[in-house]
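Here is a short set of exercises to work through with the viewer open. Try each task on your own before reading its solution.

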Amino acid sequence: MKSLVRVLLASSALVLSGGAHAADWFPYDASKIDPPFAADGKPWDVKYVPLEKASKPWKLCVSFPHMKDAYWLGVDYGVAEEAKRLGVKMNLVEAGGYTELNKQISQIEDCVASGTDAVIIGAISADGLNKVIGEIAKKKIPVIDLVNGISSPDISAKSLVSFYTMGAETGSYLAKKHPAGTPEVVVGWFPGPAGAGWVEAANKGFMDAVKGSAIKVLEPKYGDTGKEVQAKLVEDALQAAPNIRYVAGTAVTAEAAQGLIRERGLKGKVDLLAFYMTPGVYEGIKRGLIMAAPADSMVIQGRIAVDQAVRILEGKEVVKHVGPKIFVVDSANIGKVPPANILPPDGFKPVFN
């Protein structure tokens, strides 16, 4: 591990390349968790540097919850581009939504049965895939936990950020605007699909961050990250609580709510925040329709997962638990944040093979 740490450890200053070419994304500012997978692991600033090339065209099976929003399109872009850059094969399946746990399990089983060297999973459920992951691990096939978080002890590596931190960054942003002693403001909170590990983590982070401030958070409204579902949840909340000052939640929530806010003449009266970044959120911030969102560089999470899988397969040193550095984007700094590496390029279509 020592030589890899020497390559990776460095002071942290935000690295954002102006281009999106496969060869120029690294070194990238990241946080490694030590000890890996530990709930109380400590973050260390690193510069992530991947392998130059794989030694052979390994087969990677990649499983996503869905491809219904631009977030997973960005992760797909990262996975596909890094597979191409390293010279490995990739087969990607998507289950169609956060209600489709059984479908994700059967897709992963089919993918493994058809022959794969490693599996990369964006999990629908933190615990629901543990049995199938245990079976895969028995076959000595490494499993990489990508983006969402998995509780299985049989995971080989994690490429993700702390969604607790993402939620907390969003909550802190609001708490600073409305500290204790100022007039109370009401927030409608839409953390995503109930039961997903990333949702529970973001919910806890957000709630912890607003404690002791003038923020009053209404009962969380859970739901799938499809635009129709989120738009309906926001519409119902605005109907039930006309005094809502902020709508905060998933990127899809913020994207879907923009039209509602305009239609109801609430621009400037109800502000929108997301706890992660998508192209729609980035554009919304640029246009002044969304207030702020932390960026978790989902493209880079996808790239790192592919690199981790190849390193494990080749017996090379690997940072087992790592994710890009998180930073908040709002109207004050969006002009200095080029979208390369934190978002898929315009016009990118899903790549499955």
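The exercises below concern a predicted model, and each one comes with a solution in steps.

**Exercise 1. A pair of strands and the path between them**

Task: Find which way strands β3 and β4 run relative to each other, parallel or antiparallel, and follow the chain from β3 to β4.

Solution:
- Step 1. Locate β3 at residues 59-64 and β4 at residues 89-94.
- Step 2. Look at the pairing: the two strands run parallel and are joined by 6 bridges.
- Step 3. Pick one position as a check. Leu60 has Met90 of β4 standing opposite.
- Step 4. Trace the connection. On leaving β3, the chain passes through helix α2, residues 70-86, before it reaches β4. This β-α-β crossover is right-handed.

**Exercise 2. Salt bridges within helix α2**

Task: Identify the salt-bridge partners of Lys84 and Glu82, and decide whether each residue is buried or exposed.

Solution:
- Step 1. Start with Lys84. The side chain of Lys84 meets that of Glu81 in a salt bridge, with 3.1 Å from N to O.
- Step 2. Place the two in sequence: Lys84 and Glu81 both belong to helix α2 and are 3 residues apart, about one turn of the helix.
- Step 3. Compare their accessibilities with the cut-offs, under 20% for buried and over 50% for exposed. Lys84 has 59% relative accessibility and therefore counts as exposed. Glu81 has 14%, so Glu81 counts as buried.
- Step 4. Turn to Glu82. The partner here is Arg85, and the closest N and O atoms are 2.5 Å apart.
- Step 5. Glu82 and Arg85 also lie in α2 with a spacing of 3 residues, about one turn of the helix. Both of these residues are buried.

**Exercise 3. One more bridge, and a network**

Task: Classify the two partners of the salt bridge between Lys211 and Asp208 by accessibility, then find which residues are joined into one network with Glu82.

Solution:
- Step 1. Check the distance: the closest N and O atoms of Lys211 and Asp208 are 3.2 Å apart.
- Step 2. Lys211 counts as exposed because its relative accessibility is 61%. Asp208, with a relative accessible area of 23%, is partly exposed.
- Step 3. Look for shared partners. Salt bridges of this kind join Glu82, Arg85 and Arg303 into one network.
- Step 4. For context, the whole structure has 17 salt bridges.

**Exercise 4. The two largest pockets**

Task: Give the volume of the largest pocket and of the second largest pocket, and describe what lines each.

Solution:
- Step 1. The largest pocket holds about 790 Å³ of space.
- Step 2. Its lining has 31 residues, and Leu160, Val161, Ser162, Phe163 and His321 are the closest to the centre.
- Step 3. Map the lining onto the elements. Those that give two or more residues are β1 (28-34), α5 (163-177), α6 (197-210) and β13 (321-324).
- Step 4. Sort the lining of the largest pocket by class: 16 nonpolar, 10 polar and 5 charged.
- Step 5. Move on to the second largest pocket, at about 220 Å³. It is lined by 12 residues, of which Pro339, Leu343, Pro344, Pro345 and Asp346 are the closest to its centre.
- Step 6. The classes in the second largest pocket are 8 nonpolar, 1 polar and 3 charged.

**Exercise 5. Cavities**

Task: Say how many cavities of 30 Å³ or more there are, and which residues line them.

Solution:
- Step 1. The count is 2.
- Step 2. The largest cavity has about 70 Å³ of space. Residues in its lining include His66, Asp69, Trp72, Phe163 and Tyr276.
- Step 3. By class, the lining of the largest cavity has 7 nonpolar, 3 polar and 1 charged.
- Step 4. The second largest cavity has a volume of about 40 Å³. Its lining consists of Gln258, Ile261, Arg262, Lys267, Leu272 and Leu289.
- Step 5. Helix α8, residues 251-263, supplies the largest share of that lining, with 3 residues. The lining of the second largest cavity divides into 3 nonpolar, 1 polar and 2 charged.

Notes:
Residues numbered from 1 in each chain as written. Predicted model: local features only at pLDDT ≥ 70, side-chain atom pairs only at ≥ 80, totals over all residues. Heavy atoms only, no water. Pairing = 2+ DSSP bridges. Helix = DSSP H or I, 4+ residues; strand = E, 2+ residues; numbered from the N terminus. Right-handed = clockwise from strand over helix to strand, strands pointing away. 1 Å grid on protein atoms, 1.4 Å probe; cavity = no way out; pocket = protein on both sides within 12 Å on 5 of 7 lines; lining within 4 Å. Points joined across faces, edges and corners; volume = space filled by probe spheres on them. Nonpolar A, V, L, I, M, F, W, Y, C, P; charged D, E, K, R; others polar. Salt bridge = Lys/Arg side-chain N within 4 Å of Asp/Glu carboxyl O. Buried < 20%, exposed > 50% of the residue type's maximum accessible area, 1.4 Å probe, protein only.
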